[in-house]
Amino acid sequence: MPRINSPAELEELRKGILSKRDPNKPCITLCSGTACHASGSKEVAASIEEEIKKQGLSAEVDFRKTGCHGFCEKGPIIVIHPEKICYLQIEPKDVPEIISQTIKGKKVVERLLYTDPNTSEKIIHEFEIPFYKNQERLVFGSNGEIDPASIDDYLALGGYAALAKALSQMTPEQVLEEVKKSNLRGRGGGGFPAGRKWEECRNAPGEIKYVIVNADEGDPGAYMDRSLLEGNPHSVLEGLTIGAYAIGSHEGYIYVRQEYPLAVENVGIAIKQAEEYGFLGENIFGSGFDFTVKVHRGAGAFVSGESSALMTAIEGKVGEPRPKYIHTAVKGVRDRPSCLNNVETWATVPLIISKGADWFAQLGTEGSKGTKIFSLVGKVNNTGLVEVPMGITLRDIIYKLGGGIPGGKRFKAVQTGGPSGGCIPEEQLDMKVDFDELAKAGSMMGSGGMIVMDEDTCMVDVARYFLDFLSDESCGKCVPCREGIRQMLKILTNISKGKGKEGDIELLEELSEVTRDASLCALGRTAANPVLSTIRYFRDEYEAHIKEKRCPAYVCKALTSYYVDPEKCPACMICLRQCPAGAIAGGKNQIHVIDQEKCTKCGTCFEVCPPRFGAVKKISGEPVPSPIPEEARMIARKSKET
Ligand SMILES: Cc1cc2nc3c(=O)[nH]c(=O)nc-3n(C[C@H](O)[C@H](O)[C@H](O)COP(=O)(O)O)c2cc1C
Ligand code: FES
């Protein structure tokens, strides 16, 4: 690779790369992100390579393995450029047809297209699929276009031009002013203005300063940072280097959890390539600015994503938070000024420098500018990663992009902001999603996790689940967090087991206040959000559990029972055969009965009983009807007799 010494040389390089690429030549892009990898994209890739050769098309078609396309629910995904024909859930056996029909014959393979569940219409192009059509993919869009292991792919799309502009046309102060003017708020948690943090770090005394990427991402259900780092690592590196220049830092760290092997691998490759071209290292673009980056693999503790804990971990110690009377921007890693930002925050920076703060600030809401990537998961038809402008409503995200709730069920709540976020109910679906509105609703943006829940979700159980997670993940250093969360979890567990008492709700509220006010770090300070938000919006469910010993969603096992309605049971043996606990008695001509002592409340009988019979009943808060006597259980099999 030639070393690039100036913006002019970068432009020459880009032109050279583009001159070797025919924009009209078909290019098959295959998502090779972690989710698609898990659903077989490696085998599909092998098949594509083999089939291209077999059909003698090596010179006529390009093939590229890319990062996550976002629509992980439907992976493995193929998009054929330049038309952007999109095929979903591809298997190796589909490949010969794709090559012969679409690449050679210019015809689409109908059965592999997306089918709109509402209209049954087949959709050919990626950009017409509702999941994609309603997004604004500024930061995440290139993920589906480039091979993360190819710096040339990134350069072909204008990569490193923002860094070249910053280093050659702007002073560090001007870069800082631009980021401040854009009002970019951190995408990893609290939404703190990035420019203000950069400025504090820049102004802090000390020769040595660090800039750090937070790619710890331990929230259950969230994977946008991993996907961005896996799929487009150069965008993060470029943003980090621009930030380092503005702050006056010459050393950077990428803190990425060890359990993200593809992200670790791809960012390692990207650093090597950037060094070879001279985008990292000494005298970048001949500007005199030096900058190096190291990867630090995190041990996979949720609390290590907290800024001071992360910095302690970089020092080689246990990743525990410390009090932040003095900000980490002033005293962070090895007591030196350290600026930590989230993966998505850094990846947004090149866009701001290239297109300008004014362009960025026109997107989004008054207090929250730009776009945000969410991981949309749970009880929603289209799970995956979506990038939307700040200010979009929850309803649009869940229904327009997410395609609504599966199985015609009713929406109940959406949990935003990771384990310490809150649950937002149906009446707030038209709320505009931004940092401030989510906080007002008792939740938070967090890093962008969005878990959709349907009518079959018990909100007491949801609060218990998140508190269980947080109790495990609390480092235990401070008492309010360690004991407060543990006590709240104990009360919630009791409530879900039917052992709730009058006054428990008030006690939960009191404990929430103490953990919020007295905990050392934001893990404890925000841990009560799932409890408080579910009490605020679903208090009736808490009361039903405590006063009536009833779980309205039939989730809490101790409060739920199953029985067979003798009037409806056709003695078909389906539930009996599938009960894993052997708790169902009966026979071919004998009405079935569930032995309540043996029943583990797994719900298998309820799920397998054919809807046309509807014989297995779920009940809560009422006694199980006594089983009919043995002698009355025999039934006549009319169909056989006639
Ligand atoms: C318990 C805990 C875990 C966190 N985990 C992450 C994380 O995985 N990624 C992240 O970017 N920020 C995480 N944060 C927020 C960071 O402390 C910090 O605010 C953030 O990395 C700053 O970057 P930003 O300003 O770009 O958002 C976490 C905070 C807490 C309290
Ligand atoms: S991993 Fe393939 S679409 Fe997300």
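These are my notebook entries on the ligand 1 site and on helix α22 in a predicted model.

**Entry 1: where ligand 1 sits.** I looked first at the space that ligand 1 takes up, and found that this space is the largest pocket. I then listed the residues around ligand 1, which number 19, and noted that G188, E217, N341, N342 and T345 come nearest.

**Entry 2: elements of the shell.** I asked which elements supply at least two residues each to the shell around ligand 1, and found β10 (338-342) and α21 (522-526). Of the shell, β10 gives the most, with 3 residues.

**Entry 3: polar contacts.** I went through the N and O atoms next, and noted that a polar side-chain atom of T345 lies 2.7 Å from an oxygen atom of ligand 1, while a polar side-chain atom of K197 lies 3.2 Å from an oxygen atom of the ligand. For G305 I recorded a backbone N or O atom, which lies 3.3 Å from a nitrogen atom of ligand 1. I also looked up the area of ligand 1, which exposes 610 Å² when taken alone, and the protein buries 89% of that.

**Entry 4: helix α22.** I turned to α22, which runs over residues 529-547 and has 19 residues, and found its end C-alpha atoms only 23 Å apart, whereas a straight helix would reach 27 Å at 1.5 Å a residue. Where is the kink in α22 centred? I located the kink, of about 95 degrees, with its centre on F538. After α22 comes K549, for which I noted a positive phi, near 50 degrees.

Notes
Residues are numbered from 1 along each chain as its sequence is written. Chains are lettered from A and ligands numbered from 1 in the order in which they are written. This is a predicted model: local features need pLDDT of at least 70, side-chain atom pairs count only at pLDDT 80 or more; totals for chains, interfaces and linings use all residues. Side-chain values use heavy atoms; hydrogens and water are left out. Helices (H or I, at least four residues) and strands (E, at least two) are DSSP runs, numbered from the N terminus. The expected span of a helix is 1.5 Å times one less than its number of residues. The bend at a residue is the angle between axes fitted to the seven residues ending there and the seven starting there. A residue is near a molecule or strand if one of its heavy atoms lies within 4 Å of it. A polar contact is a pair of N or O atoms within 3.5 Å; within protein, one must be able to donate a hydrogen and the other to accept it, and residues adjacent in sequence count only if both atoms are side-chain atoms. Accessible areas come from the Shrake-Rupley method with a 1.4 Å probe; for residues, only the protein chains shown count as cover. On a 1 Å grid over the protein atoms alone, a cavity is a set of points where a 1.4 Å probe fits but cannot get out, and a pocket is an open set with protein on both sides within 12 Å along at least five of seven lines; lining residues have an atom within 4 Å of a point. A molecule sits in a cavity or pocket if more than half of its atoms lie within 2 Å of its grid points.
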